[in-house]
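Me: I have a model open and some terms I want to understand. Can we go through them one by one?
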Amino acid sequence: MKKDDIIELTIEDLGIDGEGIGKADGMALFVKDAVVGDWIRAKIMKMKKNYGYARLLEVLEPSPVRCTPRCEFARQCGGCQLQAMTYEAQLDFKAKKVWNHLTRIGGLTDLAVPEIIGMEDPWRYRNKAQFPFGTDKEGNVVTGFYAARSHNIIPCTECWLGVEENREILEKILAHLKKFRIPAYDEKTGKGLLRHVLIRKGFTTGEVMVCLILNGKTMPKMEQLVESLREIPGMTSITINVNTKNTNVIMGTEMISVWGRDYITDYIGNIKYQISPLSFYQVNPVQTRKLYETALEYADLKGNETVWDLYCGIGTISLFLAQKAGKVYGVEIVPEAIADAKVNAKLNGITNAEFFVGKAEEVLPEKYKNEGIYADVIVVDPPRKGCDLAALETMVKMHPERIVYVSCDSATLARDVKWLGEHGYEVKKVKACDMFPGTVHVETVCLLSRKAQ
Ligand code: SAH
């Protein structure tokens, strides 16, 4: 088998990025866009010693779990790796991915495939969208999404993961740019004005926010655009974010108020959050609630516990826990997120939550050494790379009864679970939660308890 050969094969498995895996001549072949159960014709693109990559040419016999992607751009965009699979099959894939990591890397040999919390309607779940603006070959201003691994914009104002208002807002902005001949930003020359549009919607409140990210501080005839955008039901906040740097980072730091409030509000459960264009906020609030309810259930609080919430972001989990705990301490590296956490605590009249800015792996050991802090329960929700060893070591020293590990990467979760297993904590419960239908991502909540000595 060599490059450019055309072969036929059956897809037997899916890789962690959702690519199909099949065998030909005893070699494993990775085929993007092929679904487990498909019989396909493919072209070899690259061969390594023991495996290779092939491109899907034709589905000869579709898998029973193959379906037609709802989005016509699913293949070009690459944002949704699993749209060609039925939702049930996506959930199955994700639960098995978590199980695979926890058994293979985590060494949990007798773990059953975990339950996964899916969505009733796995579409239009994202409350946040960022659309890039650019210019097509004919010189028209366009918006859409970047084609996979590039900065070429494929024109499209409709993403099935986003809210319906996105389209209307984008069409209004495009019309405005066209009418007044306002150019989109050009990454190559650094000229032009509109770079991105950020749209957020509070799913519970219906409040909508539009933030124009400009290579400058004003947009011509802004008042007319505001008049037009105000027609959108729920419009609450229109702002400008200034970003004049030649960078891939979407947002700059300077914010300018244009119309309405500078933030929107939303609820997860009964906790209210204030969200500004620069704040971090979970993008799927419906599933976030289910995820945090699971974390809260695993924490099993009776009312007087001391709880540490590491990697707390804007305090989403901390405030959830505070309602049931004696005291909650949150630790987070981003100072602005901690500022939001404090505002949100106040907004909800929560007085038993305290927040610290810093690295979990530095704040925790320091507090442990200097103040002899302890915890009944520790909750962690680290970024993809998982917990730092120094954080894990201090967690164990603090002797909590329970550790609730919320994870967006089951491979690093498995690594940390193994380490905790070797240091006195055993896994009691695991549940996966589908926060990002259509994509390969999956969240996991894991309950670990201190082993009896
Ligand atoms: N639990 C929060 C956010 C979790 S995302 C929520 O649900 O809203 C992970 C968070 O960890 C991010 O906010 C990130 O800024 C923070 N973070 C990353 N590295 C960190 C570190 N070393 N110490 C503390 N926080 C960190």
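Me: What makes the meeting of the Arg167 and Glu158 side chains a salt bridge?
Reply: This is a predicted model. In it, the N to O distance between Arg167 and Glu158 is 3.6 Å. The cut-off is within 4 Å, so the pair counts as a salt bridge.

Me: Why is Glu158 called buried?
Reply: Its relative accessibility is 17%. Buried means under 20%, so Glu158 qualifies.

Me: And why is Arg167 called partly exposed?
Reply: Arg167 has 39% relative accessibility. Partly exposed runs between 20% and 50%, so the term fits. Arg167 and Glu158 also belong to a network of salt bridges with Arg124 and Glu164.

Me: How do you know that Glu254 and Lys217 form a salt bridge?
Reply: Their N to O distance is 3.3 Å. That is within 4 Å, so the pair passes.

Me: Why is this pair said to tie parts together?
Reply: Glu254 lies in strand E13, while Lys217 lies in the loop between strand E11 and helix H4. The two parts are 37 residues apart in sequence, so the pair ties them together.

Me: What makes Arg75 and Asp33 a salt bridge?
Reply: The N to O distance is 2.8 Å. The limit is 4 Å, so they count. This pair links distant parts of the chain, 42 residues apart.

Me: Why is Asp33 called partly exposed?
Reply: Asp33 has 25% relative accessibility. Buried means under 20% and exposed means over 50%, so Asp33 falls in between.

Me: Why can Tyr51 be part of a nonpolar surface patch?
Reply: Its relative accessible area is 31%. A patch residue needs over 30%, so Tyr51 meets that cut-off. Met45 and Tyr53 complete the patch.

Methods. Residues numbered from 1 in each chain as written. Predicted model: local features only at pLDDT ≥ 70, side-chain atom pairs only at ≥ 80, totals over all residues. Heavy atoms only, no water. Patch = residues over 30% accessible without salt bridge, like charges linked within 9 Å, V, L, I, M, F, W, Y side chains within 5 Å. Areas by Shrake-Rupley, 256 points an atom, 1.4 Å probe, with all protein chains shown as cover. Buried < 20%, exposed > 50% of the residue type's maximum accessible area, 1.4 Å probe, protein only. Helix = DSSP H or I, 4+ residues; strand = E, 2+ residues; numbered from the N terminus.
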